[in-house]
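Starting a fresh page for this one. I'll pick a residue, see what sits around it, and work outwards from there.

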Amino acid sequence: MTTRSWLRNGVAALLVLTGCSAAPPSGPAAPAGPLSLLDRAPVATAEEVAASPTAAAIRERGQLLVGGELDLPLMSQRNPITGETVGFDATLGKLLAKYIIGEPNVKVVRSISETRESVLQTGTVDAVISTYTITPQRAEKIGFAGPYLVSGQAIATLSSENRISTPADLAGKKVVAVSGTTSVDAIRQSAPGVQLTTFGAATECIQALEAGTAVAYVHDMTLLAGTAQLNDKIQIVSEPFTEEAYGIGIRHGDEAFKKFVNEWLTKIEQSGLWGENWTDTLGRVVPGDPPKPPAIGSVPGS
């Protein structure tokens, strides 16, 4: 299956996800529709919250502070009209806030790959939900709940490029990646001799690709899917060549909050809310039923 074939069908759906709603009609109130995903989301009991000092502090504050990004289509993207952040990771943040506070009150603090550890260590955010691959090295600095999703590294090029389809094709070529991500090691291990340049943000990598200063851009498949969906100049030319599990970053050593978040993840997975989130976001462009969520605690570092 070519990845390009399933990337071009979700633009209208994404615009629906991020667009404004129409004004309500005048006259008698219409019958209430089905409850939304967030309306049906679980709320922790007082006893469950009390078991985690971090969760208790968040409930007292009335707002969950989440480290994330604001420009990742399908995962976490801020609508410039409404100001709402939407996508798979963004919805997870709202679901977690609903579980802790009783309402999906989230403040997203922009956290790029190079700052995710520091915003946790300084207490700037309560959690990081941002395509955060779990690794043993990262787990020495911060804690991980989950994993909650599995993806992998893939290769994107300009649509006019037809010479690259595997990591081996990158050897000796100019390639870009986001600094501080697992993409960097994946490229160097899979394509010895690659001429690698890193940038602090995905948008800079795309700009380099479009400017012709690089022939390929390597990043996580879920992120490349959103990019290629909205940019006809970009194509994905490979299947994922690594397997990486995303976790929810929390402060190192906070075992009570890790247990609390893992229990919440179990609830939304078993209730079907995780699958609905997938269908409403990534499922707009990835064909088939939602995948089975990865087993919690199943990878080193989790």
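**Entry 1: Pro42.** I began with the contacts of Pro42 and skipped anything up to four places away in sequence: Pro42 touches Lys98, Tyr99, Ile268 and Leu273. I should jot down here that I'm working with a predicted model. Where does Pro42 sit? I found Pro42 in the loop between α1 (11-18) and α2. I also looked up a distance: Pro42 and Leu95 are 53 residues apart in sequence, yet their C-alpha atoms are 8.1 Å apart in space. Next I checked accessibility, and Pro42 comes out at 23%. The cut-off for buried is under 20%, so I have to log Pro42 as partly exposed.

**Entry 2: helix α3.** I moved on to α3, which covers residues 53-61. Which of its residues are buried? I get Thr54, Ala55 and Ile58. Looking down the axis of α3, I see the buried residues fall within an arc of 95°, so they line one face of the helix. That fits the textbook spacing: with 3.6 residues a turn, residues three or four places apart point the same way. On the face turned away from the buried side of α3 I noted two exposed residues, Pro53 and Glu60. Then I asked what covers the buried residues of α3. My list includes α2 (46-50), β1, α4 (88-101), β13 and α9 (255-271). One backbone detail I wrote down: Gly62 follows α3 and has a positive phi, near 85°.

**Entry 3: strand β6.** I went to β6 (residues 127-133) and checked burial strand-wide. Seven of the seven residues of β6 are buried, so I'm calling the strand largely enclosed by the rest of the structure. Which strands does β6 pair with, and in what sense? With β1 (residues 64-68), β6 runs parallel, and I count two bridges between them. Val66 is the residue I find opposite Ala127 of β6. With β13 (residues 244-251), the pairing of β6 is antiparallel and goes over three bridges. There, Tyr132 has Gly247 of β13 as its bridge partner.

**Entry 4: strand β13.** Since β13 had now come up twice, I gave the strand its own entry. I find seven of the eight residues of β13 buried, so this strand too is largely enclosed by the rest of the structure. β13 also pairs with β7 (residues 142-151), in the antiparallel sense and over seven bridges. In that pairing I matched Phe144 with Gly249 of β13.

**Entry 5: a small detour to β2, β3 and β4.** I traced an open sheet of three strands in the order β2-β3-β4, with antiparallel pairing. β2 (71-72) and β4 (85-86) are the edge strands with a single partner each, so one side of each is left without a neighbour in the sheet. I count two bridges between β2 and β3 (residues 76-78), and Leu72 stands opposite Ser76.

**Entry 6: the largest pocket.** I looked up its volume and got about 440 Å³. Which of its 19 lining residues are closest to the centre? I noted Thr135, Arg138, Thr181, Thr182 and Asp185. The elements giving two or more residues to this lining are α5 (116-121), β6 and α6 (182-190). The largest share, five residues, comes from α6. By class I tallied three nonpolar, nine polar and seven charged residues in the pocket lining.

**Entry 7: the cavity.** How many cavities of 30 Å³ or more does the structure hold? I found one. For the largest cavity I get a volume of about 200 Å³. There are 25 residues in its lining, and Ser113, Thr131, Thr181, His219 and Leu223 lie nearest the centre. Elements that give two or more residues to the cavity lining are β2, β6, α6, α7 (202-211), β11 (216-220) and β13. β6 gives the most, three residues. My class tally for the cavity lining is seven nonpolar, eleven polar and seven charged.

**Last jotting.** Thr181 turns up in two of my lists, among the residues closest to the centre of the largest pocket and among those nearest the centre of the largest cavity.

Methods. Residues are numbered from 1 along each chain as its sequence is written. This is a predicted model: local features need pLDDT of at least 70, side-chain atom pairs count only at pLDDT 80 or more; totals for chains, interfaces and linings use all residues. Side-chain values use heavy atoms; hydrogens and water are left out. Buried means under 20% relative accessible area, exposed over 50%, partly exposed in between (1.4 Å probe, protein chains only). Helices (H or I, at least four residues) and strands (E, at least two) are DSSP runs, numbered from the N terminus. Two strands pair if DSSP finds at least two bridges between them. On a 1 Å grid over the protein atoms alone, a cavity is a set of points where a 1.4 Å probe fits but cannot get out, and a pocket is an open set with protein on both sides within 12 Å along at least five of seven lines; lining residues have an atom within 4 Å of a point. Grid points are joined across faces, edges and corners, and a volume is the space filled by probe spheres set on the points. Ala, Val, Leu, Ile, Met, Phe, Trp, Tyr, Cys and Pro count as nonpolar, Asp, Glu, Lys and Arg as charged, and the others, Gly among them, as polar. The arc is that of the directions from the helix axis to the C-beta atoms. Contact means heavy atoms within 4.5 Å.
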